[in-house]
There are 2 protein chains.
Amino acid sequence: MSDYITVAIDGMGGDNGALEMVKGAVNAVNEHDNVKVIICGDEETINTELAKYEYADYKIEVVPTTEEVEVDASPVMEIRQKKDSSMVVAMKLVKEGRASGFVSAGSSGAILVGGQLLVGRMKGVQRAPLAPLVPNTEGISLLIDAGANMDAKPEHLVQYAQMGSIYMEKIVGIKNPRVGIVNVGVEEHKGNKLVKETFPLLKELDDINFIGSVEPRDVPHGACDVIVCDAFVGNALLKVQEGLASALVHMIKDSIMKSTRTKIGGALVKPAIKDVMKLFDTSEYGGAPLLGLDGLVVKIHGNATHKEMKNAILQCVDFTEKKVNDQIRESIQKTVNKDK
Amino acid sequence: MSDYITVAIDGMGGDNGALEMVKGAVNAVNEHDNVKVIICGDEETINTELAKYEYADYKIEVVPTTEEVEVDASPVMEIRQKKDSSMVVAMKLVKEGRASGFVSAGSSGAILVGGQLLVGRMKGVQRAPLAPLVPNTEGISLLIDAGANMDAKPEHLVQYAQMGSIYMEKIVGIKNPRVGIVNVGVEEHKGNKLVKETFPLLKELDDINFIGSVEPRDVPHGACDVIVCDAFVGNALLKVQEGLASALVHMIKDSIMKSTRTKIGGALVKPAIKDVMKLFDTSEYGGAPLLGLDGLVVKIHGNATHKEMKNAILQCVDFTEKKVNDQIRESIQKTVNKDK
């Protein structure tokens with residue numbers, strides 16, 4: 001057993017529920033030798049899905065649960081009250097050390113709350129940020145925090161920079177990743193109170209490659225590898241880009257359909273536009289990790305398919321194999337000790 | 001003279017300087033009967049440009065200045081020290097009542113500082129927000145504040161909602177404009193401290209059409225007419241959209257150039273894509289007003305051409321003719337009195 005890395009998943013979460021979640025789990029264990037998946041969810045539903053596939057029995061375990069966390073309800077109440085939900089039970093497996101990671105396509109709010117309340121923060125970590133990989137013209141960057149902790153303080157952003165750097169280096173393979181703080185301009189006198197107070201702290205930090213302020217305009221052009229900001233700004237950056245990309249594609253399609261000439265052209269360029277849009281398909285990159293916890297919690301999209309679930313499970317395996325949390329612990333402790 | 005509305009402009013501002021600024025002024029006075037423009041700037045440079053055009057002499061006046069505000073320097077120092085700069089002199093004309101509006105393509109920071117220090121805020125207005133019109137799939141919305149006042153308080157955002165509603169109704173002609181506050185979700189428990197505190201105040205306000213929270217994802221789809229947020233978030237929303245649009249166009253072009261088939265298609269769809277991008281060409285909508293001042297200050301893009309300058313001048317005329325400031329004053333006073 002000790003050779004296996006175990007990942008617990010919420011088998012019922014997301015728009016597609018067990019249908020896609022179970023298929024993702026099966027594909028993950030079939031693709032990777034050392035992974036075992038514990039699927040939490042309604043026993044009958046999960047087993048019906050599992051029956052469709054071939055896989056090594058010992059690599060998948062079903063832990064039956066009777067409840068489900070609702071997307072529209074209060075995350076805190078759901079996590080506190082639904083003790084036998086697929087999400088709560090799976091997160092507790094991580095807390096107890098029976099699984100090293102957890103993946104869910106369920107309620108984002110509940111995943112964030114559960115991560116902090118059930119899995120718990122690493123010693124010294126003040127807030128656990130949500131850190132999705134976001135595509136840009138040059139590759140991908142890590143956006144940290146994309147929506148976990150509202151009203152962050154400067155010392156939180158400093159820890160985001162440390163954790164994000166380690167993640168990008170170890171998991172994404174970018175050496176000495178460039179860390180930038182989102183700001184309204186690159187000049188040092190610019191920014192709100194939070195940015196002005198955080199800037200000198202980041203400058204002081206000797207274990208990250210801080211390149212200063214990055215303007216939101218340059219983020220889609222790959223201005224830095226680790227994009228540090230508070231959760232409200234990060235969420236706005238992430239979501240408005242999703243909205244604009246879909247708006248533009250919609251408008252270009254409408255505009256192309258207006259004449260025969262452009263219709264013909266549209267048919268010819270379709271693959272090229274699709275290629276670009278595929279670069280912006282975040283399901284390729286696994287899910288968004290909630291960093292700084294005693295274990296790894298990964299949030300995948302509500303409409304995630306088996307592909308995204310599989311990638312997120314393998315992401316947990318990679319995270320565990322590379323001992324990313326040990327390095328985060330070391331980096332955080334160094335700063336905590338320095339402050340004493 | 002009293003039949004004319006006078007607009008003072010910074011004849012030296014922007015990447016294109018007098019060349020485009022003067023042409024915009026000439027086109028404005030030639031297009032509109034009741035406008036007079038005072039151009040502040042280097043006398044020789046301005047007169048050389050003016051000599052190229054035909055216009056009624058009495059409609060353009062040159063006020064010679066000897067200095068220029070630098071884009072890269074500290075805005076506060078520039079405004080305080082360069083008393084004979086084209087920007088400072090033109091703004092003072094507004095303060096003295098000799099002009100009702102001011103337009104500049106110069107340093108954004110200096111325009112914002114000068115607006116507050118030289119032109120001055122209307123009685124009762126606590127902060128003057130920058131409010132550009134931003135395109136969406138359904139038309140245009142007003143983004144308020146897009147970058148003027150960092151670290152806003154709830155009462156500031158309430159005034160933005162009031163001023164923005166009046167501007168959209170009177171200048172853009174949208175009846176009973178829908179006001180939304182930018183938030184990470186539409187549920188009432190979501191948001192940072194600022195949004196949570198502002199939300200109930202907006203709900204109480206009976207002279208605006210408050211529709212609640214709008215998610216950044218829905219902003220490009222025209223979720224509301226007046227998009228209320230603090231300056232940091234507004235700047236991030238505005239700038240990341242500009243960056244993403246240019247990144248996508250760049251990537252689609254590259255992708256189209258990869259094969260003969262898509263190259264031919266690209267030539268055919270080019271006009272359709274151009275049409276869409278034109279919708280996102282903000283120079284069509286004049287400039288971004290700084291609202292809540294005793295007069296109107298309009299910031300146009302650094303790379304503005306004569307077209308944008310002309311539109312911004314006519315925007316000042318429209319603003320003055322429709323007595324928008326009287327209505328803002330009335331709306332703000334009503335709330336101020338209510339609070340007593």
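Tutor: Two strands count as paired if DSSP finds at least two bridges between them. Keep that in mind for this predicted model.

Student: What makes strand 2 and strand 3 of chain A a pair?

Tutor: Set the count against the cut-off. Strand 2 (residues 35-41) and strand 3 of chain A share 5 bridges, and the rule asks for at least two. The two strands therefore pair, and they do so in the parallel sense. One partnership to look for is that of A:Ile39 with A:Val62 in strand 3 of chain A.

Student: Which strands make up the open sheet of chain A, and in what order?

Tutor: The sheet has 6 strands, in the order 3-2-1-4-11-10, with mixed pairing.

Student: Why are strand 3 and strand 10 of chain A said to stand at the edges?

Tutor: Strand 3 (60-64) and strand 10 (288-290) of chain A each have a single partner strand, so each has one side without a neighbour in the sheet. As for the turn between neighbouring strands, it averages 25 degrees, with direction ignored.

Student: Which helix packs on this sheet, and which strands does that helix touch?

Tutor: Helix 5 (residues 108-119) of chain A does, touching strand 4 (101-104), strand 10 and strand 11 (296-299) of chain A. The direction of helix 5 makes about 175 degrees with that of strand 11. Angles over 145 count as roughly antiparallel, so helix 5 and strand 11 of chain A are roughly antiparallel.

Student: Now the two chains. How do you know that the copies are related as by a two-fold rotation axis?

Tutor: A rotation of 180 degrees superposes chain A on chain B, with 0.0 Å of shift along the axis and an RMSD of 0.0 Å. The two copies are thus related as by a two-fold rotation axis. In chain A, the C-alpha nearest that axis belongs to A:Gly265, at 1.9 Å. The same surface serves both copies, since 100% of the contact residues of chain A recur in chain B.

Student: How many residues take part in the contact, and which helix of chain A gives the largest share?

Tutor: Chain A gives 52 residues and chain B gives 52 residues. Helix 8 (231-256) and helix 9 (260-279) of chain A each supply at least two residues of the chain A side. The largest share, 19 residues, comes from helix 8 of chain A. Sorted by class, the chain A side has 26 nonpolar, 16 polar and 10 charged residues.

Student: Why is helix 9 of chain A called oblique to helix 8 of chain B?

Tutor: Their axes come within 9 Å and cross at roughly 130 degrees. Roughly perpendicular covers 65 to 115, and roughly antiparallel needs over 145. A value of 130 degrees fits neither of these, which makes helix 9 of chain A oblique to helix 8 of chain B. The crossing is right-handed.

Student: What classes of residue make that contact?

Tutor: There are 8 nonpolar, 1 polar and 1 charged. Among them are A:Val269, A:Ile273 and A:Asp275 of helix 9 of chain A, and B:Leu248, B:Met251 and B:Ser255 of helix 8 of chain B. Asp counts as charged, so A:Asp275 is the charged one.

Student: What about helix 8 of chain A and helix 9 of chain B?

Tutor: Those helices pack at about 130 degrees, with axes 9 Å apart, and are therefore oblique to each other. Their crossing is right-handed. Residues that meet here include A:Leu248 and A:Met251 on one side and B:Val269 and B:Ala272 on the other.

Methods
Residues are numbered from 1 along each chain as its sequence is written. Chains are lettered from A and ligands numbered from 1 in the order in which they are written. This is a predicted model: local features need pLDDT of at least 70, side-chain atom pairs count only at pLDDT 80 or more; totals for chains, interfaces and linings use all residues. Two residues are in contact if their C-beta atoms, placed from the backbone, lie within 7 Å. Helices (H or I, at least four residues) and strands (E, at least two) are DSSP runs, numbered from the N terminus. Axes are lines fitted to C-alpha atoms, for helices over the stretch in contact, and angles run from 0 to 180 degrees between N-to-C directions. Copies are superposed by least squares on the C-alpha atoms of residues with pLDDT of at least 70 in both. Angles under 35 degrees count as roughly parallel, over 145 as roughly antiparallel, 65 to 115 as roughly perpendicular and the rest as oblique. A crossing is left-handed if the near helix is turned anticlockwise from the far one by less than a right angle, and right-handed if clockwise.
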